[in-house]
Amino acid sequence: MKNNQPTDPVNAQHRLSLTYMEPVPDAPFKLRHLVRIHDRETFAHIEESWSKLHVLYVITAGQARLIGADGKLALTAGSAFIRRAGCLLQHDSYRGSLSPVQGIAIAFDFTDQQHRFWPFGSPTPISSHLIVDKAADLAKVCTKGHNSSSFRVHILFYELLDMLQDQVATAPQPDHSWLDGALRHIHKMYAHPLTREQMAKASNVSPEHFSREFKRYTGLTFVEYVSRLRIRMAQEHLLLGSPTLQEVARLTGYKDSFYLSRKFKQIVGAAPAHYRNTPKKIVSLTFNYTASLLALGCIPHMGAVASWMESGLDEHVQLQMKQYGEHELLAHPQLIAEVNPDIIIGYAPHPAMDELRMIAPTILMPFEELDWQQQFIQIGRMTGLESRAQAIIHQYHQLEQDANETLDNLIGENRGSAVCLFLYGEQGAYVFGHSWGRASHILYESLGFSPPTRMLKDGRLPNGYIHVPLSDIHLYAADYIFVAYPEEAAAQQAVISRMNEESWSTLAAIRNGYLYSIDADMFYGFDPVSIMKQLKNIMHHFTSHLSMH
């Protein structure tokens, strides 16, 4: 069953024991190789041979000074360090030789190249005798000819990774509060003159220390960071409007359009005049924007995808688009950085806004302040498909007009009230305002119905939503009630019990037969394709039932 009237509780009871069984996550990494390190030559050979794999180095004796993309590292006996694939290391001989390094090198890779997560933080040496001992045990069972179960190898490997993740999570982080404050100031004042000396003085550190820590923390010099931020903002202005180059220069802190153009081409690779027409890789941080892009015929390079969307994705889209959940892209911005996008789009506010903007121009739209049509036009504008977006909106308006003419004949101009209730069993129900999707905007804005009196009293319109206890759902009743039922057997039983009570069964909508079951998946989307499906579904219910009264 899927979002229809609740099933018989007797039959549902047989499945109750399976309701709370969670799926087991896939193993994120696989062990590839393990060797012992005896000298610097072995280390250099590992870096050359395993450049495309992640490598865990565990130092059992000696010392090593290494140079990588993130600066210099000092490894001593009893320490461990993970080098990500592609971030190669070499020995630093500048300060003379150290005692010969010995240890264990363990190469591993992602199990699924499409869903890659990195739980080990930034590259920082970890000192732990427990990790060294665990690596030694793994090396022992991996020794050729050792009579040990292959299961033991993988058990030790994952125990080792689990210990490393715990160490990263509990390791004290350096105090960069002054640097965080400096970055916030830069993002706020990027259009004004900014100097290293000015920022260092405000941060109460020397200019030299400021430069050193700034580069270590951001990966860019102060000048590079400010330049990239200003050009990102210039890109966003060009994506969302048609300003002159002189206007863009003024808005982004450049003295004239010539200097802006030179820096723009240097960082972006194209002149501002040609930038808008160049093909772009897009990352969509939200389900609805991914669906909106697909409605325009534009396949994002990476997009947030929900279960309700998956059945509608054809094979061509699935092959071209990297798919993640919204929460995954929120928690792991490095996934976005790895694909080197040209545009990032999502909802505002976003906690990693500044970090995302340094990856690519980032367009975040306030979900509650713009209706779906305004958001869709913006997406069409930044992709160069605004005319197509306008045509799709016109198609919706035609459906809207036809629907209102039909309702005028069936109900009259005074529509009465309507509501969509999304029931989740004992967890209660959700009722949504005009700007929160779930077809509420269709009922109240497109079709002219009124919301429940209680909804108006709560002050949750036009924006917002309300979580309603299951015992109070009858208070949000309307002349016409659309209900999305839960799928789980236990939740269905809770709903059945509540609907058998007098407070619900005696409602006018129930007595008149104006209770309609809707598909929660279909009514989740807030994109043009979903909205048109929702409107057609609502009208199907009205025309099927009202014409018989």
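How many residues does helix α5 have, and what distance separates its first C-alpha from its last? In the predicted model, α5 spans residues 177–189, a run of 13 residues. The distance from the first C-alpha to the last is 18 Å, close to the 18 Å expected at 1.5 Å a residue. Six residues of this helix are buried, namely Trp178, Leu179, Ala182, Leu183, Ile186 and His187. The cover over the buried residues of α5 includes four further helices: α6 (196–203), α7 (207–218), α8 (222–240) and α17 (353–359).

The chain as a whole contains 25 helices and 18 strands. Of its 549 residues, 44% count as buried. When contacts between residues at least 6 apart in sequence are considered, 67% of them join residues at least 24 apart.

An open sheet is formed by five strands in the order β1-β7-β2-β5-β8, with antiparallel pairing. Its edges are β1 (29–37) and β8 (126–127), each of which pairs on one side only. Strands of a sheet pair through backbone hydrogen bonds, either parallel or antiparallel. Between β1 and β7 (residues 102–110), which run antiparallel, there are eight bridges. Within this pairing, Leu34 has Ile106 of β7 as its bridge partner. Helix α2 (residues 40–49) lies across β1, β2 (54–61), β5 (79–83) and β7, and runs at about 155° to β1.

A second antiparallel pairing joins β15 (residues 429–432) to β16 over four bridges. One of the residues involved is Val431, whose bridge partner in β16 is Ile466. In a regular strand the side chains alternate between the two faces of the sheet. Strand β16 (residues 465–468) shows this alternation. Ile466 and Val468 point to one face and are buried, whereas Tyr465 and His467 point to the other face and are not buried.

Aromatic contacts were examined next. The whole structure holds 30 aromatic pairs. One of them is formed by Phe482 and Tyr516, with 5.0 Å from centre to centre and 45° between the planes, which makes the pair tilted. Phe482 belongs to strand β17 (residues 480–484) and Tyr516 to strand β18 (residues 515–517), so the pair ties together parts that are 34 residues apart in sequence. Both Phe482 and Tyr516 are buried. Elsewhere, ring pairs link Phe29, Phe108, Phe110, Trp118, Phe120, Phe157 and Tyr158 into a cluster.

Charged side chains also sit over aromatic rings. Lys255 lies over the face of Tyr259, 5.9 Å from the ring centre. In another case, the charged end of Arg438 is placed over the ring of Tyr524, at 4.2 Å from its centre.

A further residue examined was His441, located in helix α20 (residues 440–446). His441 counts as buried because its relative accessibility is 3%, and the cut-off for burial is under 20%. With neighbours within four places in sequence left aside, the residues in contact with His441 are Trp372, His434, Ser446, Phe526, Ile531 and Gln534.

How values were computed:
Residues numbered from 1 in each chain as written. Predicted model: local features only at pLDDT ≥ 70, side-chain atom pairs only at ≥ 80, totals over all residues. Heavy atoms only, no water. Buried < 20%, exposed > 50% of the residue type's maximum accessible area, 1.4 Å probe, protein only. Helix = DSSP H or I, 4+ residues; strand = E, 2+ residues; numbered from the N terminus. Pairing = 2+ DSSP bridges. Expected span 1.5 Å × (residues − 1). Contact = heavy atoms within 4.5 Å. Phe/Tyr/Trp six-rings, centres within 6.5 Å; stacked < 30°, edge-to-face > 60°. Lys NZ or Arg CZ within 6 Å of the ring centre and 35° of its normal. Axes fitted to C-alpha atoms, helices over the stretch in contact; angles between N-to-C directions.
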